[in-house]
Each structure stands twice: as C-alpha cells, then as structure tokens.
Amino acid sequence: MSLRDHWVSQFDANAVPKAGPTACFRACRTICALMGHVMPEGTTRRWQLAEKDGPELETGVQPLRFNGQETAEASDHMVAECRAERPVIVGIEYRSGSFNRDGITDHFVVVARYDEETQELCGLNPGAVVPPGQDFNVAFKFDPVGIRWRRSWPEHLRDTVISMVVPRADVAAGLVERL
C-alpha cells in the first residue's frame, strides 16, 4: 500500500472538517478513512504513554515520564497493526505547550507501516508535505533505554516522542476512558 496516496493536509478544507492549525487529529481520521479504517472521533480511549514529570523547566522543556506497561501494550499494538498495514493515530510531543486533553500532546500523525529492516514505524504527518521520492513523511524508532518511541529523522526533530496512541474504533472501545 502506498502511504503517499492517502496523505491529506490538515489545512485542506476540501478534505478535512474545520481545516487549519488545530485540525491534525481530524486530518488523521481522514487519512485513516482513505485507507479504509474507522477511527474514534476523539482521544478519550487511548494508551497514554507519557505523563508529566514535574514542572516545566526554564528552557521550556516539559520533563516526561513514560509508563512502561502502557508503552509495551501500545508498542505491540502499533507494530502488529502497521505490519498488517492498518493505520494507528499517535499523539506526539515535540515542543513546549500543549493543545490536547492530556496536557502533553502537541500534534497527531498516522503510523501505518513497520519497516522490519530499520525497525521504524512509518507514516504520514498531516502538517507537512511528503518529500519527493518518499512514500511517508514521519518515522519513529523505539528507544529501549528511554522506554519511548522517538522520531528517527530529521535530526532537529529527534526529541519528538509518541505520547499517546489512539487505535481503530473497534479496539478503542475496549480501552479505559480517560479525560
């Protein structure tokens, strides 16, 4: 399956309801629908990988703690789904300040492929174009020391981490509801 063929911009009002700078989750739902999968309308049923670990530092960085059990469950799910070329919406944290219910997540992207060779989750970021000659525009690799999925490239975004995982609607129905 070509990922590139399913990419939509979160700014495309013809494809995404209420398109704009805060439409990333809705754009991810649209991307998943184009792949033939129904995703939940919100993020209340999710795996929450990251939690705040103290006050924001003077540098503007929010220290995070990762829940090992939630990360393990979500990792198994993401890898299995991506091996089967089924999309998963993931929340990411890459800058200070949050716009989402967990107080950590800044943005949402879709992962839909697992590269066995590089051991990366590959997918689509609705806030950035897919580079020419590539089939995806975002990838994450597991960091076993930090117990987290980190963005693999580009270099300046390697501090970006997956903070929450929102599975397909049928799977999400079995998860605990969170605020």
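**Exercise 1. Place T71 in the structure and decide whether T71 is buried or exposed.**

Solution. Step 1: T71 is found in helix α2. The model is a predicted one.

Step 2: Compare the accessibility with the cut-off. Buried means under 20% relative accessible area. T71 has a relative accessible area of 1%, so T71 is buried.

Step 3: List the contacts, not counting residues up to four places away in sequence. On that basis T71 touches L49, F66, F142 and I147.

**Exercise 2. One of the contacts of T71 is I147. Describe the backbone and the surroundings of I147.**

Solution. Step 1: I147 lies in the loop between β7 and β8.

Step 2: The phi angle of I147 is positive, about 50°, although this residue is not a glycine.

Step 3: The relative accessible area of I147 is 36%, which makes I147 partly exposed.

Step 4: For a second case, take K18. Phi of K18 is near 50°, again a positive value in a residue other than glycine. K18 lies in the segment before α1 (24–34). With a relative accessible area of 72%, K18 is exposed.

**Exercise 3. Find which elements supply the largest nonpolar core, and which members touch the most others.**

Solution. Step 1: The core has 24 residues, and those that touch the most other members are M78, V90, L121, F140, W149, I162 and V165.

Step 2: At least two residues of this core come from each of β3 (64–66), α2 (68–83), β4 (88–93), β5 (107–115), β7 (138–143) and β9 (161–166).

Step 3: Helix α2 gives the most, with four residues.

Step 4: A second core, separate from this one, has 23 residues and includes V16, C32, M39 and A112.

Step 5: Relate this to a general rule. In soluble globular proteins, nonpolar side chains tend to be buried together.

Step 6: Look at one member of the largest core, F140. Leaving aside its neighbours within four places in sequence, F140 is in contact with residues including I92, V109, V111, L121, W149 and I162. The list of contacts also holds Q119, E120, R150, R151, S152 and T160.

**Exercise 4. Describe how β5 is paired and how far β5 is enclosed.**

Solution. Step 1: β4 and β5 pair in the antiparallel sense over five bridges. In this pairing the bridge partner of G91 is F108, in β5.

Step 2: Five bridges also join β5 to strand β6 (residues 120–124), and these two strands run antiparallel. Here Y114 stands opposite L121 in β6.

Step 3: The hairpin of β5 and β6 has four residues between the strands, and in this hairpin Q119 takes a positive phi near 60°.

Step 4: Seven of the nine residues of β5 are buried, so β5 is largely enclosed by the rest of the structure.

**Exercise 5. Classify the aromatic pair of F25 and F108 and say what the pair ties together.**

Solution. Step 1: The count of aromatic pairs comes to three. In the pair of F25 and F108, the ring centres are 5.1 Å apart and the planes stand at 70°.

Step 2: Planes over 60 degrees apart count as edge-to-face. The angle of 70° therefore makes the pair of F25 and F108 edge-to-face.

Step 3: F25 lies in helix α1 and F108 in strand β5, so the pair ties together parts that are 83 residues apart in sequence.

Step 4: F25 is buried, with a relative accessible area of 10%. F108 also counts as buried, at 1%.

**Exercise 6. Why is there no bond between the sulfurs of C24 and C28?**

Solution. Step 1: A disulfide needs two cysteine sulfur atoms within 2.5 Å.

Step 2: The cysteine sulfur closest to that of C24 is in C28, 6.3 Å away, and this is too far for a bond. C28 is likewise in no disulfide.

Step 3: The structure as a whole holds zero disulfides.

Step 4: C24 is buried at 6% relative accessible area, and C28 is buried at 0%.

**Exercise 7. Describe two loop residues, T105 and P154.**

Solution. Step 1: T105 has its place in the loop between β4 and β5. With 0% relative accessibility, T105 counts as buried.

Step 2: The side chain of T105 makes a polar contact of 2.7 Å with the side chain of S163.

Step 3: P154 is found in the loop between β8 (148–151) and β9. The peptide bond that joins W153 and P154 is cis, with omega about -10°.

Note on methods: Residues numbered from 1 in each chain as written. Predicted model: local features only at pLDDT ≥ 70, side-chain atom pairs only at ≥ 80, totals over all residues. Heavy atoms only, no water. Core = buried A, V, L, I, M, F, W, Y, C linked by side-chain atoms within 4.5 Å. Buried < 20%, exposed > 50% of the residue type's maximum accessible area, 1.4 Å probe, protein only. Contact = heavy atoms within 4.5 Å. Polar contact = N/O pair within 3.5 Å; in protein donor to acceptor, adjacent residues only side chain to side chain. Phe/Tyr/Trp six-rings, centres within 6.5 Å; stacked < 30°, edge-to-face > 60°. Pairing = 2+ DSSP bridges.
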